[in-house]
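Colleague: I'd like a close look at one part of this model, the final helices and the empty space around them. Take me through what packs against what, and what lines the gaps.

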Amino acid sequence: MLRRVRSLRLLPLLFPLILLTGLPPAGATGPRELLVVGTVFPRIYEQDESGPAGLGVDLLRRAFARQGLRFEFYPWLRAQAMVESGQADILMGPYRTPEREQRFLFSPQAFYEDALVFYARRERELPWRGELAELAGLRIGLVQGWAYGEGVERERPRLRPGTVRDVATGLQMLRLDRLDLLASNERNTEPVLRQLGLAGELRVLGPPLGQLRGHFAFTRNAQGQALREALDQAMSEMRTRGELRELARRWNVRIPD
(Lines give C-alpha, C1' and ligand atoms only; values in the text may rest on other atoms or scores of the structure.)
Protein backbone atom coordinates (compact mmCIF):
# COMPACT_ATOMS: atom_id res chain seq x y z
CA MET A 1 0.00 0.00 0.00
CA LEU A 2 2.83 2.41 0.89
CA ARG A 3 4.55 1.67 -2.42
CA ARG A 4 1.34 2.47 -4.33
CA VAL A 5 0.91 5.81 -2.52
CA ARG A 6 4.50 6.77 -3.37
CA SER A 7 3.87 5.85 -7.03
CA LEU A 8 0.78 8.04 -7.16
CA ARG A 9 2.74 10.95 -5.68
CA LEU A 10 5.31 10.60 -8.46
CA LEU A 11 2.75 10.93 -11.30
CA PRO A 12 2.64 14.77 -11.32
CA LEU A 13 6.46 14.78 -11.56
CA LEU A 14 6.57 12.24 -14.37
CA PHE A 15 3.87 13.81 -16.55
CA PRO A 16 6.02 16.67 -17.94
CA LEU A 17 8.76 14.13 -18.72
CA ILE A 18 6.23 12.04 -20.66
CA LEU A 19 5.27 15.09 -22.72
CA LEU A 20 8.86 16.04 -23.47
CA THR A 21 10.03 12.58 -24.46
CA GLY A 22 6.92 11.63 -26.41
CA LEU A 23 6.56 8.46 -24.32
CA PRO A 24 2.96 7.35 -23.82
CA PRO A 25 1.50 7.04 -20.32
CA ALA A 26 0.97 3.55 -18.91
CA GLY A 27 -1.70 1.68 -20.83
CA ALA A 28 -1.49 3.85 -23.95
CA THR A 29 -0.62 2.34 -27.33
CA GLY A 30 1.68 5.12 -28.61
CA PRO A 31 2.34 8.89 -28.73
CA ARG A 32 -0.83 10.91 -28.69
CA GLU A 33 -2.19 12.46 -31.86
CA LEU A 34 -1.20 16.08 -32.51
CA LEU A 35 -3.88 18.58 -33.51
CA VAL A 36 -2.87 21.02 -36.26
CA VAL A 37 -5.17 23.98 -36.90
CA GLY A 38 -5.33 26.90 -39.29
CA THR A 39 -7.44 28.47 -41.99
CA VAL A 40 -7.20 27.88 -45.74
CA PHE A 41 -3.88 29.18 -47.09
CA PRO A 42 -3.62 28.24 -50.79
CA ARG A 43 -0.76 25.82 -51.47
CA ILE A 44 0.24 25.95 -47.78
CA TYR A 45 -2.84 24.51 -46.04
CA GLU A 46 -5.86 23.56 -48.08
CA GLN A 47 -8.33 20.76 -48.71
CA ASP A 48 -8.48 18.60 -51.83
CA GLU A 49 -10.36 15.43 -52.76
CA SER A 50 -7.96 13.31 -50.68
CA GLY A 51 -8.02 15.52 -47.56
CA PRO A 52 -5.67 18.16 -46.10
CA ALA A 53 -2.90 19.16 -48.50
CA GLY A 54 -0.22 21.79 -49.06
CA LEU A 55 3.42 22.46 -48.32
CA GLY A 56 2.81 22.80 -44.57
CA VAL A 57 0.91 19.51 -44.44
CA ASP A 58 3.67 17.64 -46.28
CA LEU A 59 6.37 19.07 -44.01
CA LEU A 60 4.55 18.15 -40.79
CA ARG A 61 3.76 14.65 -42.03
CA ARG A 62 7.45 14.05 -42.72
CA ALA A 63 8.64 15.66 -39.50
CA PHE A 64 6.18 13.75 -37.28
CA ALA A 65 5.91 10.55 -39.31
CA ARG A 66 5.87 8.42 -36.16
CA GLN A 67 3.24 10.50 -34.40
CA GLY A 68 -0.38 10.82 -35.51
CA LEU A 69 -1.54 14.16 -36.91
CA ARG A 70 -5.08 15.52 -37.16
CA PHE A 71 -5.66 18.55 -39.40
CA GLU A 72 -8.63 20.85 -38.83
CA PHE A 73 -9.73 24.14 -40.41
CA TYR A 74 -11.13 27.09 -38.46
CA PRO A 75 -11.52 30.86 -38.86
CA TRP A 76 -8.05 32.35 -38.45
CA LEU A 77 -8.63 34.11 -35.13
CA ARG A 78 -10.17 30.98 -33.59
CA ALA A 79 -7.29 28.80 -34.78
CA GLN A 80 -4.83 31.19 -33.13
CA ALA A 81 -6.80 31.14 -29.86
CA MET A 82 -6.86 27.33 -29.83
CA VAL A 83 -3.08 27.02 -29.99
CA GLU A 84 -2.51 29.90 -27.59
CA SER A 85 -4.75 28.23 -24.98
CA GLY A 86 -3.37 24.73 -25.55
CA GLN A 87 -6.54 23.29 -27.16
CA ALA A 88 -4.45 22.55 -30.28
CA ASP A 89 -0.76 21.80 -30.73
CA ILE A 90 0.40 23.47 -33.95
CA LEU A 91 -0.74 26.61 -35.78
CA MET A 92 -0.21 26.44 -39.52
CA GLY A 93 1.65 29.24 -41.26
CA PRO A 94 1.45 32.47 -39.20
CA TYR A 95 3.75 35.37 -39.98
CA ARG A 96 6.10 36.10 -37.10
CA THR A 97 5.59 39.42 -35.31
CA PRO A 98 6.71 40.83 -31.92
CA GLU A 99 3.11 40.76 -30.68
CA ARG A 100 2.60 37.14 -31.69
CA GLU A 101 5.89 36.10 -30.09
CA GLN A 102 4.31 36.98 -26.75
CA ARG A 103 1.57 34.43 -27.46
CA PHE A 104 3.30 31.57 -29.29
CA LEU A 105 6.56 29.71 -29.72
CA PHE A 106 7.59 30.03 -33.38
CA SER A 107 9.58 27.55 -35.41
CA PRO A 108 13.10 28.98 -35.79
CA GLN A 109 12.97 28.32 -39.55
CA ALA A 110 10.34 29.91 -41.78
CA PHE A 111 9.01 27.57 -44.45
CA TYR A 112 7.52 30.01 -46.97
CA GLU A 113 7.69 33.66 -47.99
CA ASP A 114 5.02 36.02 -49.34
CA ALA A 115 5.12 39.38 -51.06
CA LEU A 116 2.48 41.72 -49.62
CA VAL A 117 0.85 43.90 -52.27
CA PHE A 118 -1.99 46.35 -52.80
CA TYR A 119 -4.95 45.51 -55.04
CA ALA A 120 -6.93 48.29 -56.72
CA ARG A 121 -9.54 48.75 -59.45
CA ARG A 122 -7.98 48.81 -62.90
CA GLU A 123 -9.33 52.21 -63.86
CA ARG A 124 -8.10 53.99 -60.73
CA GLU A 125 -4.83 55.92 -60.75
CA LEU A 126 -3.49 55.93 -57.19
CA PRO A 127 -0.35 57.55 -55.72
CA TRP A 128 1.53 54.40 -54.70
CA ARG A 129 5.31 54.49 -55.14
CA GLY A 130 6.24 52.52 -52.03
CA GLU A 131 5.64 55.23 -49.41
CA LEU A 132 2.72 54.52 -47.09
CA ALA A 133 2.52 58.18 -46.07
CA GLU A 134 1.26 58.95 -49.60
CA LEU A 135 -1.91 56.93 -48.91
CA ALA A 136 -3.27 58.97 -46.02
CA GLY A 137 -6.99 59.55 -46.51
CA LEU A 138 -7.56 56.54 -48.76
CA ARG A 139 -9.88 53.70 -47.75
CA ILE A 140 -7.53 50.75 -47.19
CA GLY A 141 -8.74 47.25 -46.32
CA LEU A 142 -6.73 44.91 -44.09
CA VAL A 143 -7.84 41.31 -43.55
CA GLN A 144 -8.96 40.53 -40.01
CA GLY A 145 -6.30 38.74 -37.95
CA TRP A 146 -3.52 39.12 -40.53
CA ALA A 147 -0.08 40.54 -39.82
CA TYR A 148 1.26 43.15 -42.25
CA GLY A 149 4.73 43.91 -40.95
CA GLU A 150 6.34 46.76 -39.07
CA GLY A 151 5.89 49.37 -41.79
CA VAL A 152 2.10 49.06 -41.91
CA GLU A 153 1.82 48.84 -38.13
CA ARG A 154 3.91 51.98 -37.74
CA GLU A 155 1.69 53.94 -40.15
CA ARG A 156 -1.61 52.41 -39.03
CA PRO A 157 -2.72 55.41 -36.87
CA ARG A 158 -2.17 57.78 -39.78
CA LEU A 159 -3.73 55.49 -42.42
CA ARG A 160 -6.71 54.48 -40.27
CA PRO A 161 -7.44 51.36 -42.36
CA GLY A 162 -10.65 49.33 -42.19
CA THR A 163 -10.89 45.63 -41.39
CA VAL A 164 -12.43 43.11 -43.78
CA ARG A 165 -13.50 39.63 -42.75
CA ASP A 166 -11.54 37.76 -45.45
CA VAL A 167 -9.92 38.18 -48.86
CA ALA A 168 -13.13 37.53 -50.80
CA THR A 169 -15.01 40.19 -48.82
CA GLY A 170 -12.19 42.68 -49.38
CA LEU A 171 -12.14 42.07 -53.13
CA GLN A 172 -15.90 42.51 -53.40
CA MET A 173 -15.73 45.76 -51.40
CA LEU A 174 -12.98 46.94 -53.73
CA ARG A 175 -15.10 46.13 -56.79
CA LEU A 176 -18.08 48.01 -55.32
CA ASP A 177 -15.92 51.08 -54.60
CA ARG A 178 -16.27 50.68 -50.85
CA LEU A 179 -12.45 50.46 -50.63
CA ASP A 180 -9.69 52.18 -52.57
CA LEU A 181 -7.06 49.54 -51.81
CA LEU A 182 -6.90 46.03 -50.38
CA ALA A 183 -3.62 44.90 -48.79
CA SER A 184 -3.10 41.16 -49.28
CA ASN A 185 -0.65 38.69 -50.79
CA GLU A 186 -0.76 37.21 -54.27
CA ARG A 187 -0.60 33.57 -53.14
CA ASN A 188 -3.80 33.95 -51.12
CA THR A 189 -5.55 36.37 -53.43
CA GLU A 190 -5.07 35.14 -57.01
CA PRO A 191 -7.20 31.97 -56.56
CA VAL A 192 -10.01 34.03 -55.01
CA LEU A 193 -9.81 36.59 -57.84
CA ARG A 194 -10.27 33.83 -60.40
CA GLN A 195 -13.06 32.19 -58.41
CA LEU A 196 -14.97 35.49 -58.20
CA GLY A 197 -14.30 36.36 -61.83
CA LEU A 198 -12.67 39.68 -60.91
CA ALA A 199 -9.25 39.29 -62.52
CA GLY A 200 -10.26 41.64 -65.32
CA GLU A 201 -11.51 44.35 -62.95
CA LEU A 202 -8.79 44.45 -60.27
CA ARG A 203 -5.01 44.68 -60.48
CA VAL A 204 -1.87 44.54 -58.36
CA LEU A 205 -0.02 47.77 -57.65
CA GLY A 206 3.77 47.77 -57.48
CA PRO A 207 6.11 47.84 -55.70
CA PRO A 208 5.24 45.30 -52.95
CA LEU A 209 4.52 46.49 -49.42
CA GLY A 210 7.15 44.07 -48.17
CA GLN A 211 8.12 40.44 -47.70
CA LEU A 212 6.81 38.35 -44.80
CA ARG A 213 7.78 34.82 -43.82
CA GLY A 214 5.45 32.10 -42.57
CA HIS A 215 6.24 29.75 -39.70
CA PHE A 216 4.71 27.00 -37.61
CA ALA A 217 3.68 28.14 -34.12
CA PHE A 218 3.24 26.20 -30.86
CA THR A 219 1.73 26.67 -27.42
CA ARG A 220 4.07 28.45 -24.99
CA ASN A 221 4.67 25.51 -22.65
CA ALA A 222 7.09 22.60 -22.22
CA GLN A 223 5.30 20.41 -24.73
CA GLY A 224 5.26 23.22 -27.30
CA GLN A 225 8.99 23.71 -26.80
CA ALA A 226 9.65 19.98 -27.31
CA LEU A 227 7.60 19.94 -30.53
CA ARG A 228 9.36 23.11 -31.73
CA GLU A 229 12.80 21.53 -31.24
CA ALA A 230 11.77 18.27 -32.91
CA LEU A 231 10.39 20.12 -35.94
CA ASP A 232 13.47 22.34 -36.23
CA GLN A 233 15.75 19.31 -36.33
CA ALA A 234 13.56 17.57 -38.91
CA MET A 235 13.40 20.69 -41.11
CA SER A 236 17.18 21.11 -40.96
CA GLU A 237 17.60 17.52 -42.13
CA MET A 238 15.05 18.01 -44.94
CA ARG A 239 16.82 21.20 -46.03
CA THR A 240 20.19 19.41 -46.11
CA ARG A 241 18.77 16.56 -48.20
CA GLY A 242 17.06 18.97 -50.59
CA GLU A 243 13.57 17.77 -49.65
CA LEU A 244 12.38 21.20 -48.55
CA ARG A 245 13.26 22.78 -51.90
CA GLU A 246 11.71 19.84 -53.77
CA LEU A 247 8.43 20.19 -51.88
CA ALA A 248 8.39 23.95 -52.36
CA ARG A 249 8.85 23.47 -56.12
CA ARG A 250 6.03 20.93 -56.18
CA TRP A 251 3.64 23.38 -54.48
CA ASN A 252 4.95 26.45 -56.34
CA VAL A 253 5.75 28.23 -53.05
CA ARG A 254 8.71 30.49 -52.47
CA ILE A 255 10.89 29.43 -49.53
CA PRO A 256 13.41 31.66 -47.70
CA ASP A 257 17.10 31.08 -48.45
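Modeller: Handedness first: a crossing is right-handed if the near helix is turned clockwise from the far one by less than a right angle, and left-handed if anticlockwise. The model is predicted, so local features need pLDDT of at least 70 and side-chain atom pairs pLDDT 80 or more, while totals for chains, interfaces and linings use all residues. Residues count from 1 along each chain as its sequence is written, and side-chain values use heavy atoms, with hydrogens and water left out.

Let's start with α6 (residues 167–175) and α7 (residues 186–196), whose axes lie 10 Å apart at an angle of about 60 degrees. That makes α6 oblique to α7 (under 35 degrees is roughly parallel, over 145 roughly antiparallel, 65 to 115 roughly perpendicular, the rest oblique). Axes are lines fitted to C-alpha atoms, for helices over the stretch in contact, and angles run from 0 to 180 degrees between N-to-C directions. Helices (H or I, at least four residues) and strands (E, at least two) are DSSP runs numbered from the N terminus. The crossing of α6 and α7 is right-handed. On the α6 side, V167, A168, L171 and Q172 do the touching, and on the α7 side T189, V192, L193 and L196 do (contact means heavy atoms within 4.5 Å). Six of the residues in this α6–α7 contact are nonpolar, two are polar and none is charged (Ala, Val, Leu, Ile, Met, Phe, Trp, Tyr, Cys and Pro are nonpolar; Asp, Glu, Lys and Arg charged; the others, Gly among them, polar).

Past α6, in the loop between α6 and β10 (181–185), you'll find D177. D177 isn't a glycine, yet its phi is positive, about 65 degrees. Most residues other than glycine have a negative phi.

Now for the gaps. On a 1 Å grid over the protein atoms alone, a cavity is a set of points where a 1.4 Å probe fits but cannot get out; a pocket is an open set with protein on both sides within 12 Å along at least five of seven lines; lining residues have an atom within 4 Å of a point. Points join across faces, edges and corners, and a volume is the space filled by probe spheres set on them.

Both α6 and α7 border the second largest pocket, each supplying at least two lining residues, as does α3 (76–85). This second largest pocket holds about 430 Å³ of space. Its lining has 18 residues, with T39, V40, W146, D166 and V167 nearest the centre. V167 is also one of the α6 residues that meet α7. The largest share of this pocket's lining is from α7, with four residues. In character, the pocket lining is 12 nonpolar, four polar and two charged residues.

As for closed spaces, there are two cavities of 30 Å³ or more. The largest cavity has a volume of about 90 Å³. It has 14 lining residues, and nearest its centre are F41, G93, Y95, Y112 and W146. W146 is also among the residues nearest the centre of the second largest pocket. Helix α7 shows up here too: α7, β5 (90–95) and β7 (112–121) each give at least two residues to the largest cavity's lining. The biggest contributor is β5, with three residues. Seven residues of that lining are nonpolar, four polar and three charged.

The second largest cavity, at about 50 Å³, is lined by F118, L132, I140, L142, V152, L159, P161, A183 and L209. Strand β8 (140–143) and helix α5 (150–159) each supply at least two of these residues. The lining is nine nonpolar residues, with no polar and no charged ones.

Further along is strand β11 (residues 202–219), which contains P207. The peptide bond joining G206 and P207 is cis, with omega about 0 degrees.

That leaves α2 (residues 55–63) and its partners. The axes of α2 and α9 (residues 243–251) come within 10 Å and cross at roughly 150 degrees, so α2 and α9 are roughly antiparallel. Their crossing is right-handed. L55, D58, L59 and R62 of α2 meet E243, L244, L247, A248, R250 and W251 of α9, a contact with six nonpolar, no polar and four charged residues. Against α8 (residues 222–241), α2 packs at about 105 degrees with the axes 9 Å apart. That makes α2 roughly perpendicular to α8. Here L59, L60, R62 and A63 of α2 meet L231, A234 and M238 of α8, giving six nonpolar, no polar and one charged residue.
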